[in-house]
There are 2 protein chains.
Amino acid sequence: MIDWDDFRNFLAIARHGTLSAAARSLKVRQSTIGRRLSAFEARLGVLLLQKTPRGFVLTPAGDVAFAEAEKMEAAAMAADRAITGRDVRLEGEIRLTTVETLAAELLTPILARFADKYPGITVKLITGTETLSLASREADLSVRLARPSGGDFVIRKLGDVGFGLYASASYLAEHSANTPDGARHRVIQMAGESAAFPEMVALTRRFPDGDIALRSDSRYVQLAACKADMGIACLAHYLTANTGLVCLADCEADREVWLVQHRDTHHMPRLKVLSAALSTGLRLGTGR
Amino acid sequence: MIDWDDFRNFLAIARHGTLSAAARSLKVRQSTIGRRLSAFEARLGVLLLQKTPRGFVLTPAGDVAFAEAEKMEAAAMAADRAITGRDVRLEGEIRLTTVETLAAELLTPILARFADKYPGITVKLITGTETLSLASREADLSVRLARPSGGDFVIRKLGDVGFGLYASASYLAEHSANTPDGARHRVIQMAGESAAFPEMVALTRRFPDGDIALRSDSRYVQLAACKADMGIACLAHYLTANTGLVCLADCEADREVWLVQHRDTHHMPRLKVLSAALSTGLRLGTGR
DNA sequence: AAATCGTTATGCATTTTTGCATGGGGAAGA
DNA sequence: TCTTCCCCATGCAAAAATGCATAACGATTT
């Protein structure tokens with residue numbers, strides 16, 4: 001019979017479109033992926049992926065193989081979750097993902113106390129913009145700024161985060177006097193897709209004619225820019241405490257904070273205790 | 001992530017109970033299987049199979065892994081069928097399985113003509129007692145002596161096979177005179193589970209007190225024994241033509257002959273033409 | 001048009017996996 | 001009790017897979 005792992009390689013290529021991208025996702029070399037695909041197709045006697053200028057694209061035969069390979073993947077991930085979900089030790093690693101500011105400002109102190117209480121458990125705090133998959137066990141717990149929809153998840157609301165429009169005192173001294181309200185202000189924005197976040201949309205609505213002083217996906221860069229008198233930033237209240245920045249207005253676009261994990265790992269003791277610690281440790285309000 | 005092929009190894013061990021048996025089924029060495037299982041469990045950090053005096057048995061964690069691995073297998077087999085089922089060439093190999101006597105006496109002449117007509121197609125005629133799996137593509141077509149139940153098969157009735165109770169003239173000369181009917185006759189039987197075949201049950205019912213002269217699962221051995229005056233055998237009528245054996249009675253336990261293939265490969269041209277050749281070439285009646 | 005970036009193919013060295021052979025440990029049978 | 005058979009573990013050699021380096025190709029930009 002055919003090596004099941006060849007289906008995984010095939011799936012990766014079909015998803016990413018190129019051998020190189022698939023190789024990166026599987027943490028092997030491009031040459032490996034390419035040779036395995038060739039061997040796989042040779043054994044089947046069928047071409048599954050056709051090389052085009054834009055990368056690899058599925059043939060009709062590849063289409064049906066793709067659908068079945070996805071079923072294999074679902075079963076493999078379920079098995080992985082089910083097996084590791086049986087781990088009842090209060091030891092080992094927990095991978096927790098969330099956004100950088102929440103991690104640094106609010107989660108770190110909680111995790112410090114948690115580490116004292118459970119020395120056997122190591123928390124790996126992963127921050128980043130891309131959402132890691134709980135289904136494929138890239139992470140165990142996730143603190144997200146939106147209510148997750150769909151999927152086989154167990155969710156728990158941790159609170160709300162309120163945002164405000166902030167500027168430095170010296171920026172305001174220079175601008176508020178000689179400009180009519182809302183015009184000719186300079187704003188600090190997100191870059192790319194993140195500009196569609198509710199609070200950032202509120203910022204744009206409030207200052208539709210404002211110049212963009214700076215774009216950055218990093219809240220810390222935005223905060224620093226704001227402190228450096230570059231303009232008005234939309235920042236979470238918890239982030240601006242003790243910075244001396246002036247809050248011009250509330251954003252009225254609160255974001256809910258949710259703790260998410262997969263149902264298959266829900267009963268794992270070490271996840272339960274961390275979940276509880278986060279739930280009781282995080283005292284979040286809108287900040288108003 | 002985990003090598004998907006490790007799930008296949010695990011599945012084989014769980015099914016066969018020993019490393020050696022699993023290794024045989026996968027056509028690798030026992031040492032390979034054993035080392036892969038060890039590595040697999042080490043990576044998962046969980047014991048899936050426990051070694052007992054009677055072989056390997058699933059742990060609770062192994063149970064859930066087993067269920068998911070079976071789903072992976074089903075998807076893998078479906079993919080294999082779907083892919084190879086797209087083969088539209090009137091060339092290549094067809095694996096046809098059936099029982100030995102049918103193959104030798106009735107199928108071979110049909111296949112001889114078929115080979116002339118389609119020189120590009122090679123038929124591999126596999127005979128044996130164990131039923132090969134069409135679902136896992138161990139075979140493409142199967143001629144069976146019973147109507148298959150369940151499964152995703154396309155079936156077609158080819159006819160009926162009638163059986164009779166046969167004996168040699170010299171055996172009868174010696175026995176029918178000095179024994180009352182049905183008593184003290186010597187019968188030739190199947191061995192093991194095959195004794196439960198309808199026609200063999202009929203044989204036993206007819207001669208409940210008969211001595212067992214010989215047991216064999218081979219119809220050809222039974223035929224030879226019958227010719228050698230060893231006793232009464234239950235044989236298909238088509239097998240006894242021109243042998244000089246005397247038919248004492250019909251068995252009244254006809255067996256239906258069915259041609260079976262998997263739905264996914266049903267439209268394959270080369271299977272279609274062989275199916276048609278078998279259907280028109282086999283002129284089967286009960287022989288009465 | 002040239003340059004740059006990202007891609008795939010291929011030869012070669014290295015690493016990893018597998019096969020093979022052997023030894024030890026039970027269980028069934030003589 | 002002593003074979004005999006089948007099982008698993010392990011060292012070592014052979015084979016296979018992988019990584020690495022490089023070359024060729026195409027698209028996009030300067």
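**View 1. B:Met72 beside the rotation axis of the two chains.** Of the residues of chain B, B:Met72 is the one whose C-alpha comes closest to the rotation axis, at 2.3 Å, in what is a predicted model throughout. Chain B can be laid on chain A with an RMSD of 0.2 Å by a turn of 179 degrees combined with a shift of 0.2 Å along that axis, and this is the relation of a two-fold axis.

**View 2. The interface between chains A and B.** Because 100% of the interface residues of chain B are also interface residues in chain A, the two copies meet through the same surface.

**View 3. The protein surface near DNA strand D.** DNA strand D is surrounded by 15 residues, and the closest are A:Arg29, A:Thr32, B:Leu19, B:Ser20 and B:Gln30; of the strand's atoms that come within 4 Å of the protein, sugar and phosphate account for 67%. At least two residues of this surface are supplied by each of α3 (30–44) of chain A, α2 (19–26) of chain B and α3 (30–44) of chain B, with α3(A) giving the most, four residues. By residue class, the surface near DNA strand D divides into six charged, six polar and three nonpolar residues.

**View 4. Side-chain contacts to phosphate and base oxygens of DNA strand D.** An N or O atom in the side chain of A:Arg29 lies 2.7 Å from a phosphate oxygen of DNA strand D, and, from the other chain, an N or O atom in the side chain of B:Lys51 lies 3.4 Å from a phosphate oxygen of the strand. For A:Arg35, by contrast, the partner of a side-chain N or O atom is a base oxygen of DNA strand D, at 3.1 Å.

Technical notes: Residues are numbered from 1 along each chain as its sequence is written. Chains are lettered from A and ligands numbered from 1 in the order in which they are written. This is a predicted model: local features need pLDDT of at least 70, side-chain atom pairs count only at pLDDT 80 or more; totals for chains, interfaces and linings use all residues. Side-chain values use heavy atoms; hydrogens and water are left out. A residue is near a molecule or strand if one of its heavy atoms lies within 4 Å of it. A polar contact is a pair of N or O atoms within 3.5 Å; within protein, one must be able to donate a hydrogen and the other to accept it, and residues adjacent in sequence count only if both atoms are side-chain atoms. Ala, Val, Leu, Ile, Met, Phe, Trp, Tyr, Cys and Pro count as nonpolar, Asp, Glu, Lys and Arg as charged, and the others, Gly among them, as polar. Copies are superposed by least squares on the C-alpha atoms of residues with pLDDT of at least 70 in both. Contact means heavy atoms within 4.5 Å.
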